[in-house]
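Please look over the sequence and the model shown below. The paragraphs after it take up backbone exceptions, strand pairing and helix packing in turn.

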Amino acid sequence: MVSALVVMTAGLQAKVRLPHILCDNMVLQQNTEARLWGWAKAGKTVRVEVSWSDEAYTAKAGKDGKWLVKVKTPAASYTPLQITFDDGDRLTLSNILSGEVWVCAGQSNMEMPVKGFGNCPVDGYNDEVVNARQYRGIHYVKIPSIMRVEPQEDAQCEWKEVSAQTVGDASATGYFFAQVVNRALDIPVGLIMANKGGSRVESWLTKENLEKYTNEPTDSAGIVRFKPQWDYHRALLWGNGTFNPILNYTVKGILYYQGCSNVGDPGNQYSERLKILVDQWRTQFGLGEIPFYFVEIAPYWYDDVKGDWGARLREQQFRASKIIPNSGLVCTNDLVYPYETQQIHPAQKRQVGQRLAFLALNKTYGMTSLGCESPSFKDMRIVGDTVHIHLANDLGAISRFEGIEGFELAGDDRVFHPAKAEHFWQPGGGYWDETIRLTSPEVKHPVAVRYCFRNFQIGNLKNAAGLPLFPFRTDEW
């Protein structure tokens, strides 16, 4: 009797089923072959019709009921589109837009919504509610943050249009990114928010990569024993439950804000594992070397504002930006208030999203006149008790000649002292060499320079685009 009921139920459920991420209000990646997929009765033919073309697409459900088609998408437009799926019973999705689709991945600073978290506000929330109607064509979908031992193919979610009622729940960093791209290119932007607060880079690696490159257990009992205190630190499970459901979706690129939970990792472990993760995601999406733009962790006390373990993680992020192709890193050294030493979720999210957008607009969309990269340390020269340093990516100017803060000098004793820093034109070789001159009365014979290489230290040196100097050190102590 039970077997007969199962057969009858299966017959009643033979209608084509779509993953939740394929629904009304979604944004399709423009000018590409977007993947559409789902489930139907085994052997059933699914016909897909689109409102922007007379071309129809068909796919046959396999023995497992799965099917997938690739649909040619039109150029970006605010014109609402429709897609109909028909396996004998028609299902139509409406209010679809064609535009640019970006994934918002990482931990809580990417997850942090426009309305903020408890006791963690985002600057300008009320303004964003009032102004939401100005940004037509920004849609988002939030993938529930869940743990699973096995990779999941679907997640309970729905696309939403940004409005006064919905903007508060969007990722603040992602939304401010979308605002700039929307204004600059005048096209719709879709955001897929697949992230989890507190997650480590290992939280998103597959079982195969964890077993190949780490010593982390991949069985459920072992994972819990390895990280018993906080479930958000656990490896594998968040990727399986929260990221795997989006891998069939056709996207333009990935935005990533994560790292706080890996502070203290030894050597180059973080940068190497982040590269493994990016390689993994690019392989899983199957869309080639899609852009990967990520965010430096902001200054935070980590129980000691003068410590440097947070700075060492930022150093690893900078290294990752050099070893991951088609990537870019946003510096956030200036995006904390002095009173936010113990605030792991700084309020200035607008600038984070904007800087990610500058990277995308310049490197992905060809707006090369736009300054998108922060300055970084290039080289130094020691002359007596003075150090002269040069910067890369100053874009033809630095932000100030006087009152430069954040530099420190050390001698052979390896004790760092605050340094006076000033702009200096140094004669040499028939030209005037522009440098930053560093001195400290406590350091008569300097050997090493550090800039904002502390857990919480705010600098004020920027380039012509107003982008802050990356924290750095010249020593390997």
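**Backbone, strands and helices**

Cys452 has a relative accessibility of 1% and therefore counts as buried, the limit being under 20%. The model is a predicted one. Cys452 lies in the loop that runs from β20 (448-451) to β21 (472-473). Its phi is near 50 degrees, which is positive although the residue is not a glycine. Most residues other than glycine have a negative phi. A second exception is Asp303, a non-glycine residue with a positive phi of about 75 degrees. Asp303 belongs to the loop between β12 (292-295) and α9. Is this residue, Asp303, buried or exposed? With a relative accessible area of 64%, Asp303 is exposed, whereas Cys452 is buried.

The strand β20 that precedes the loop of Cys452 is part of an open sheet of 4 strands, ordered β17-β16-β20-β21 and paired in the antiparallel sense. The edges are taken by β17 (416-418) and β21; each has a single partner strand, so one side of each has no neighbour in the sheet. The partner of β17 is β16 (residues 407-410), and these two strands pair antiparallel over 3 bridges. Within this pairing, Glu408 is opposite Pro418 of β17.

Another antiparallel pair is formed by β14 (residues 376-383) and β15, with 7 bridges. Here Ile382 faces Val387 of β15 across the pairing. The two strands make a hairpin with 2 residues between them, and Gly384 in this hairpin has a positive phi near 65 degrees. Strand β15 (residues 386-392) has 6 of its 7 residues buried, so the rest of the structure largely encloses it.

Strand β5 shows another pattern of burial. In a regular strand the side chains alternate between the two faces of the sheet. Along β5 (residues 66-72), Trp67, Val69 and Val71 point to one face and are buried. Lys66, Leu68, Lys70 and Lys72 point to the other face and are not buried. Strand β5 pairs antiparallel with β2 (residues 33-39) over 7 bridges. Opposite Leu68 in β5 stands Trp37.

Turning to the helices, how do α4 and α10 meet? The axes of α4 (residues 172-185) and α10 (residues 350-364) come within 7 Å and cross at roughly 45 degrees. This angle makes α4 oblique to α10. The crossing of the two helices, α4 and α10, is right-handed. On the α4 side the contact includes Phe176, Phe177, Val180 and Val181. On the α10 side it includes Val352, Leu356, Phe358 and Leu361. Sorted by class, the contact of α4 with α10 has 12 nonpolar, 4 polar and 1 charged residues.

The helix after the loop of Asp303 is α9, which packs against α8. The axes of α8 (residues 269-285) and α9 (residues 309-323) come within 8 Å and cross at roughly 40 degrees. These two helices, α8 and α9, are therefore oblique to each other. The crossing of α8 and α9 is right-handed. Gln269, Tyr270, Ser271, Glu272, Leu274 and Lys275 of α8 meet residues of α9, among them Leu313, Arg319 and Ile323. By class, the contact of α8 with α9 has 5 nonpolar, 4 polar and 3 charged residues.

Key
Residues are numbered from 1 along each chain as its sequence is written. This is a predicted model: local features need pLDDT of at least 70, side-chain atom pairs count only at pLDDT 80 or more; totals for chains, interfaces and linings use all residues. Side-chain values use heavy atoms; hydrogens and water are left out. Axes are lines fitted to C-alpha atoms, for helices over the stretch in contact, and angles run from 0 to 180 degrees between N-to-C directions. Angles under 35 degrees count as roughly parallel, over 145 as roughly antiparallel, 65 to 115 as roughly perpendicular and the rest as oblique. A crossing is left-handed if the near helix is turned anticlockwise from the far one by less than a right angle, and right-handed if clockwise. Contact means heavy atoms within 4.5 Å. Ala, Val, Leu, Ile, Met, Phe, Trp, Tyr, Cys and Pro count as nonpolar, Asp, Glu, Lys and Arg as charged, and the others, Gly among them, as polar. Buried means under 20% relative accessible area, exposed over 50%, partly exposed in between (1.4 Å probe, protein chains only). Two strands pair if DSSP finds at least two bridges between them.
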